Amino acid sequence: MSIIKEFREFAVKGNMVDMAVGIIIGAAFGKIVSSLVNDVIMPPLGLLIGGVDFTDLKVILKAASIDQAGNAVSAVTLNYGTFVQTFVDFLIVAFAIFMVVKVINQLKKKQEAAPPPAPPAPTKEEQLLTEIRDLLKK
């Protein structure tokens, strides 16, 4: 029973829940970035370089053939276009994270630069108690 109790404490910790939320949002953000790259950035970029679809870019190492038994043997290819597309995905995600961290750092600097709030003025009771203390000292 103690293993279940330990696991429950581990799973319900605030950091664990925050991490789970971050992973879920990160996965959704990854899908958004992939769509941005695949559907918005790459088509015009492919058009600029002559109508090339990056996912179709590859080097054929061994052409497709038919073996002696009459079975089709698929081609062996080096799909560098997929790598280019994944690399652009990475650059966009890295830039987005850089911008988020930069904004957070600027907000932290502003909080550090702001003067601390002045302590509240003593209440009327505190003033009276201070006067009584001072009178008793005399």
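**Note on the nonpolar core and surface patch**

1. A nonpolar patch on the surface is formed by Leu36, Val40, Ile41, Leu45, Leu48 and Ile49, which together have about 520 Å² of accessible area. Patch members have over 30% relative accessible area and no salt bridge (a side-chain nitrogen of Lys or Arg within 4 Å of a carboxyl oxygen of Asp or Glu), and nonpolar side chains are joined within 5 Å. Areas follow the Shrake-Rupley method with a 1.4 Å probe, and for residues only the protein chains shown count as cover.

2. The model is predicted: local features need pLDDT of at least 70, side-chain atom pairs count only at pLDDT 80 or more, and totals for chains, interfaces and linings use all residues. Residues are numbered from 1 along each chain as its sequence is written, and side-chain values use heavy atoms, leaving out hydrogens and water.

3. Leu45 lies in helix H2; helices are DSSP runs (H or I, at least four residues) numbered from the N terminus. Leu45 counts as partly exposed because its relative accessibility is 35%, between the limits for buried (under 20%) and exposed (over 50%), with a 1.4 Å probe and protein chains only.

4. Val33, Val37, Met42, Phe54, Leu57, Val88 and Ile92 make up the largest nonpolar core (buried Ala, Val, Leu, Ile, Met, Phe, Trp, Tyr and Cys residues joined through side-chain atoms within 4.5 Å). Helices H2 (14–48) and H3 (80–113) each give two or more residues to this core, and H2 supplies the largest share, three residues.

5. Beyond neighbours within four places in sequence, Ile92 is in contact (heavy atoms within 4.5 Å) with Val33, Leu36, Val37 and Ile41.

6. Gln85, in helix H3, counts as buried because its relative accessibility is 7%. Not counting residues up to four places away in sequence, Gln85 touches Val37, Asn38, Met42, Phe54 and Thr55.

Notes: Patch = residues over 30% accessible without salt bridge, like charges linked within 9 Å, V, L, I, M, F, W, Y side chains within 5 Å.
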